[in-house]
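Subject: Structure handover

Hello,

Here is the structure I said I would pass on. Please look it over first; my notes follow below it.

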Amino acid sequence: MASSSSTLLLPLGSSSGKRISANYQGISCAKVQGVLVRCSNSELTVKAARSRGYMDQFCLTKRRDMIGLLLGVSSLVTDSFEAEGAGLPPEEKPRLCDGSCEKELENIPMVTTESGLQYKDIKVGQGPSPPVGFQVAANYVAMVPSGQIFDSSLEKGQVYIFRVGSGQVIKGLDEGILSMKIGGKRRLYIPGSLAFPKGLNSAPGRPRVAPSSPVIFDVSLEYVPGLEIEEE
């Protein structure tokens with residue numbers, strides 16, 4: 001059966017007016033002032049079907065690649081959230097009482113004063129205790145009950161100097177240092193009534209301290225200007 005023909009017009013080539021007829025794989029072609037291709041509908045349908053097949057395969061491959069890429073990105077994001085959720089080790093801050101010290105504290109007896117202040121001597125110093133009004137040089141690490149540090153002389157890199165017993169620091173710290181000796185190290189469990197009446201605002205890397213809430217201070221009495229330690 002004779003099939004009808006369709007025409008595809010390709011870009012112009014040579015300006016020659018010659019007409020060339022050829023038969024290639026059953027397709028009649030002619031070239032006049034360019035290229036004019038005539039082919040039967042049946043042949044065109046086959047080629048179109050093949051073209052669609054290649055395009056479908058190409059699209060399927062691309063879809064698979066895209067799905068793989070999305071799954072890879074999803075996995076990376078998930079891993080990132082899981083790592084964040086698991087929690088990376090926080091940056092270690094300097095402390096006066098490390099892990100082994102914390103274990104030793106469990107066996108050290110607690111001392112409670114009349115004001116409600118409690119303390120444990122990590123290390124007992126030598127010599128006399130500082131008199132009221134004397135300047136003292138001390139290192140401290142201040143924490144909320146959970147153990148989070150909100151202030152520390154160690155992070156600042158210098159000892160804290162003040163007149164003990166003169167109200168320059170919170171009551172619990174004043175009382176706790178007055179009975180220490182030079183070179184001593186102590187953990188103070190300060191009740192809210194002897195801590196910060198107005199509390200402390202939070203800051204980057206520093207927890208909030210609620211008004212009149214209990215706090216913990218690790219303190220070391222480094223030296224007391226004017227007081228000498230008697231050599232044995």
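**What was found**

Among contacts in the chain between residues at least 6 apart in sequence, 64% join residues at least 24 apart. Please keep in mind that this is a predicted model. The chain has 232 residues, and buried residues make up 27% of them. Its secondary structure consists of four helices and 11 strands.

**Confidence**

The chain has a mean pLDDT of 75, with 59% of its residues at 70 or more. Over residues 1–49 the pLDDT is below 50, and the model gives this stretch 56 contacts beyond near neighbours in sequence. Residues 72–89 also stay under 50. For that second stretch the model has one contact beyond four places in sequence.

**Strand β11 and its partners**

I would begin with strand β11, which spans residues 215–223. Seven of its nine residues are buried, so the strand is mostly covered. Which strands pair with β11? One is β7 (residues 135–143), antiparallel to β11 over seven bridges. Another is β10 (residues 185–190), which also runs antiparallel to β11 and is joined to it by six bridges.

Two bridge partners help to place these strands on the screen. V141 has D218 in β11 as its bridge partner, and I190 has V215 in β11.

β7 also pairs with β8, in the antiparallel sense and over three bridges. There, V141 stands opposite S152 in β8. Five residues lie between the strands of this β7 and β8 hairpin, where G147 takes a positive phi near 100°.

**Three residues in β7 and β11**

D218 lies in strand β11. Is D218 buried or exposed? Its relative accessibility is 2%; the cut-off for buried is under 20%, so D218 counts as buried. The side chain of D218 makes a polar contact of 2.7 Å with that of R187. Not counting residues up to four places away in sequence, D218 touches L96, C97, N139, Y140, V141, M143, R186 and R187.

N139, one of the residues that D218 touches, lies in strand β7. N139 has a relative accessible area of 12% and is buried. What does the side chain of N139 join in a polar contact? The partner is the side chain of S153, at 2.8 Å. Leaving aside neighbours within four places in sequence, the contacts of N139 include L96, L154, Q158 and V159, along with D218, V219, S220 and E222.

A138 is also in strand β7. With a relative accessible area of 3%, A138 is buried. Beyond four places in sequence, A138 touches S153, V159, Y160, I177, V219, S220, L221 and E222. A138 and V224 are 86 residues apart in sequence, but their C-alpha atoms are 8.8 Å apart in space.

**Aromatic rings**

The count of aromatic pairs comes to five. One of them is F150 with F217, an edge-to-face pair with 6.3 Å between the centres and 80° between the planes. F150 lies in strand β8 (residues 149–152) and F217 in strand β11, so this pair ties together parts that are 67 residues apart in sequence. Both F150 and F217 are buried. Ring pairs link Y140, F150, Y160, F162, F196 and F217 into a cluster.

Another ring to look at is that of Y119. R186 lies over the face of Y119, at 3.8 Å from the ring centre.

**Helix α4**

Helix α4 covers residues 171–178, and its buried residues are G172, L173, D174, G176 and I177. What covers these buried residues? The cover includes β7, β9 (160–163), β10 and β11. I177 is also among the residues that A138 touches.

**Where to start**

For a first look, I suggest showing β11 with β7, which pairs with it over seven bridges, and β10, which is joined to it by six. Then show the side chains of D218 and R187, which form the 2.7 Å polar contact, and those of N139 and S153, which form the 2.8 Å one. The edge-to-face pair of F150 and F217 can be added after that.

Regards

How values were computed. Residues numbered from 1 in each chain as written. Heavy atoms only, no water. Buried < 20%, exposed > 50% of the residue type's maximum accessible area, 1.4 Å probe, protein only. Pairing = 2+ DSSP bridges. pLDDT = per-residue confidence, 0-100. Contact = heavy atoms within 4.5 Å. Polar contact = N/O pair within 3.5 Å; in protein donor to acceptor, adjacent residues only side chain to side chain. Phe/Tyr/Trp six-rings, centres within 6.5 Å; stacked < 30°, edge-to-face > 60°. Lys NZ or Arg CZ within 6 Å of the ring centre and 35° of its normal.
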